[in-house]
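Okay, thanks for coming, everyone. I'd like to walk you through one chain today, charged pairs and aromatic rings mostly. Have a look at the screen.

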Amino acid sequence: VVLRTFGAPHRMLVVQGTQGSGREMLLRFAAHRMGRPMLLVSGRGLDAERLVGAFREATLQGALFVLRDAEEAMTPEGRARFRECLDVFPMPVTVMGLGDSAGWVTSLRITTDVEVEVPPHAEREQLWRTYLSGSGGETAISPVEWREMAGLYNLGVGGIVNACHAARELAAGELVPVSRAHVGRAVRQLFDADLKTVATRVEVSQNW
């Protein structure tokens, strides 16, 4: 579906899914299959003029344009510039992270919706095993801990791959095999980094 939409002019692709579900990986894979560059732009802090500049850059590169966290760019002025850019940008445009603007955005072009779902428990466990130890990397994770990780972290392919990479880096810095603790720290780091842009951490001091 993604490949077909990427190959059609004047189309809109709306990719839905939770954080870490693998939406970006899916799009990068599709762009690679087509032999096309992909320009991924975050809507966080993106004003209208920078949005126009992003479309201009995609035009110059002949790139597939992907707007992540799209709702945050849809201010009144952002909407106006986004619509103007669509009028002159013939290639397909992909948006992720729409909220209240979804109905308006999808009315601008013929739209295809894609839902990237988190895989079931057994597949998540296999993904953890594959990306942490499948390439010959050494781990200190027990069979029970593999199952616990798959159940505790409701992540898709993208989140698991990123967490595995971060966990391996943490373990390498300590010159020890990857452990369950490294994975937990990696997942917290990844999600803390994302939450810091939209929330403030509050330390709780109450006790029993």
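One term before the tour: I call a residue buried when its relative accessible area is under 20%, exposed when it is over 50%, and partly exposed in between. And please keep in mind that this is a predicted model.

Let's begin with the rings. The structure has six aromatic pairs. I'll show you two of them, both involving F55.

Take F55 and F65: their rings are stacked, with 4.1 Å between the centres and 25° between the planes. This pair ties together distant parts of the chain, as F55 sits in helix α3 and F65 in strand β3, 10 residues apart. So how buried is F55? Its relative accessible area is 3%, and that's under the 20% cut-off, so F55 counts as buried. F65 goes down to 0%, so F65 is buried by that cut-off too.

Then there's F55 with F89. Stacked or edge-to-face, this one? It's edge-to-face: the centres are 5.3 Å apart and the planes make an angle of 80°. Again we're linking distant parts of the chain, with F55 in helix α3 and F89 in the loop between α4 and β4 (93-96), 34 residues apart. F55 and F89 are both buried.

Step back and you get a bigger picture: F55, F65, F82, F89 and W104 make up one aromatic cluster.

Right, on to the charges. Generally speaking, side chains of opposite charge can pair when their charged atoms come close. How many salt bridges does the structure hold? Eight. Here are three of them.

R68 bridges to E24, and the closest N and O atoms are 2.7 Å apart. These partners come from distant parts of the chain: R68 belongs to strand β3 (residues 64-68), E24 to helix α2 (residues 23-34), and 44 residues separate them. In terms of accessibility, R68 has 27% and E24 has 25%. Both values lie between 20% and 50%, so R68 and E24 are partly exposed.

Next, R44 and E72, whose side chains meet in a salt bridge at 3.4 Å, N to O. This one also joins distant parts of the chain, and here we go from loop to loop: R44 is in the loop between β2 (38-42) and α3 (48-61), while E72 is in the loop between β3 and α4 (76-88), 28 residues apart. R44 is partly exposed at 27% relative accessibility, and E72 is partly exposed at 40%.

The third takes us back to R68, which also forms a salt bridge with D69, with 3.7 Å between the closest N and O atoms. Is D69 buried or exposed? Buried: its relative accessibility is 18%, which is under 20%. And now the pieces come together, since salt bridges that share partners join E24, R44, R68, D69 and E72 into one network.

One last stop, away from rings and charges. S179 lies in the loop between α8 (157-174) and α9 (180-195). S179 has a relative accessible area of 17%, so by our cut-off S179 is buried. What does S179 touch, leaving out residues up to four places away in sequence? A140 and I141.

That's my tour. Questions, anyone?

Technical notes. Residues numbered from 1 in each chain as written. Predicted model: local features only at pLDDT ≥ 70, side-chain atom pairs only at ≥ 80, totals over all residues. Heavy atoms only, no water. Salt bridge = Lys/Arg side-chain N within 4 Å of Asp/Glu carboxyl O. Helix = DSSP H or I, 4+ residues; strand = E, 2+ residues; numbered from the N terminus. Buried < 20%, exposed > 50% of the residue type's maximum accessible area, 1.4 Å probe, protein only. Phe/Tyr/Trp six-rings, centres within 6.5 Å; stacked < 30°, edge-to-face > 60°. Contact = heavy atoms within 4.5 Å.
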